[in-house]
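This briefing introduces a structure to a reader who has not met it before. Please view the sequence and the model first, and then turn to the notes below.

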Amino acid sequence: SRQVLRDREGQVQGAIAILRDVTESEGAMRRAAEALHLARLGRIASQIAHEMRNPLAGIHGAIQILQRRSSEQSEEAEVYAAIGEEVRRLDRLVTDLQRFARPSGSRVEHLELGAWLRERVPVLLQSWPGIQCTLATAAEVSLSTDPVQLEEVLTELIKNAVDAVGDASLAITIELQASATGCRLRFADNGPGIPAADAEQVFEPFHTTKARGSGLGLALARRHAESLGGSLELITHEPDSAAFVLSLPLA
């Protein structure tokens with residue numbers, strides 16, 4: 001705020017400017033609003049998942065009975081297989097809804113993060129054998145964190161990259177960087193990047209640009225990151241790839 005400074009005769013003598021850094025308070029208000037928003041969405045998601053789970057189980061059981069009664073070469077078998085695949089897709093969506101509504105509690109362990117990444121990343125990538133991965137872990141970082149939730153974050157980032165690029169031509173880079181107060185895990189792929197118009201929405205629950213996506217992957221990843229005491233951000237100045245930074249506090 002600023003104010004013109006005048007003397008008794010009304011002549012301008014100068015100006016007074018007051019500057020206040022409101023970054024922290026604005027950030028706290030934003031985080032509180034987001035937490036309230038996520039809590040409401042979580043309750044809705046939990047109710048939807050509860051209502052969907054039992055009917056899906058009934059449909060799945062009925063399809064299995066019909067499949068056993070039909071021959072493998074019949075037209076009905078193809079229809080039953082297609083229905084079964086759709087039921088499994090909806091079941092995965094229900095599972096994601098439940099994970100979003102009730103995130104798992106943290107089980108803190110001491111980790112040497114570089115060694116943990118060298119061990120776990122190849123295991124995660126076994127589900128997508130076509131992916132090329134460059135892992136840079138020269139930094140030495142010790143953390144007290146939940147390895148299960150940390151693995152969930154990496155898994156969701158890999159899934160997001162696979163959906164954007166495809167596992168046959170996907171190349172990702174995971175780079176560990178250390179600082180005095182924490183560490184940064186930079187995750188980047190060789191995809192087309194994320195349009196600037198979507199940059200603010202990629203972490204919104206149920207926001208997706210995919211025809212069959214749930215829109216919960218990156219929202220779950222950020223929720224896990226925050227539960228670990230860190231943050232997950234999209235780097236917007238790298239247009240030729242989707243680059244994310246996971247920041248975590250040191251032990």
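**Helix H3 and its surroundings**

Helix H3, formed by residues 113-124, has 12 residues and reaches 15 Å from its first C-alpha to its last, close to the 16 Å expected at 1.5 Å a residue. The model is predicted. The points below describe the buried side of H3, the packing of H4 against H3 and H5, and one residue of strand S6, Thr 173.

**The buried side of H3**

- The buried residues of H3 are Leu 113, Gly 114, Trp 116, Leu 117, Val 121 and Leu 124.
- These residues lie on the same side of H3, because the arc they cover around the axis is only 140°.
- The elements that cover the buried residues of H3 include strands S3 (109-112), S4 (132-136), S5 (142-145), S6 (171-178) and S7 (182-189), together with helix H4 (147-165).

**Packing of H3 with H4**

- Two packed helices are described by the angle between their axes and the distance between the axes.
- For H3 and H4, the axes come within 11 Å and cross at roughly 50°.
- H3 is therefore oblique to H4, and the crossing of the two helices is right-handed.
- On the H3 side, the contact is made by Leu 113, Trp 116, Leu 117, Arg 120, Val 121 and Leu 124.
- On the H4 side, Pro 147, Leu 150, Glu 151, Leu 154, Thr 155 and Ile 158 take part in this contact.

**Packing of H4 with H5**

- H4 also packs with helix H5 (residues 217-227), at an angle of about 155° and with the axes 9 Å apart.
- Because angles over 145 degrees count as roughly antiparallel, H4 and H5 are roughly antiparallel to each other.
- The crossing in which H4 passes H5 is left-handed.
- H4 contributes Gln 149, Glu 152, Val 153, Glu 156, Leu 157 and Asn 160 to the contact.
- H5 contributes Gly 217, Leu 218, Leu 220, Ala 221, His 224, Ala 225 and Ser 227 to the contact.

**Thr 173 in strand S6**

- Thr 173 lies in strand S6, one of the elements that cover the buried residues of H3.
- Thr 173 counts as partly exposed, because its relative accessibility is 29%.
- Not counting residues up to four places away in sequence, Thr 173 touches Thr 134, Arg 186, Phe 187 and Ala 188.
- Thr 173 and Thr 145 are 28 residues apart in sequence, and their C-alpha atoms are 22 Å apart in space.

Notes: Residues numbered from 1 in each chain as written. Predicted model: local features only at pLDDT ≥ 70, side-chain atom pairs only at ≥ 80, totals over all residues. Heavy atoms only, no water. Helix = DSSP H or I, 4+ residues; strand = E, 2+ residues; numbered from the N terminus. Expected span 1.5 Å × (residues − 1). Buried < 20%, exposed > 50% of the residue type's maximum accessible area, 1.4 Å probe, protein only. Arc of directions from axis to C-beta. Contact = heavy atoms within 4.5 Å. Axes fitted to C-alpha atoms, helices over the stretch in contact; angles between N-to-C directions. Parallel < 35°, antiparallel > 145°, perpendicular 65-115°, else oblique. Left-handed = near helix turned anticlockwise from the far one by under 90°.
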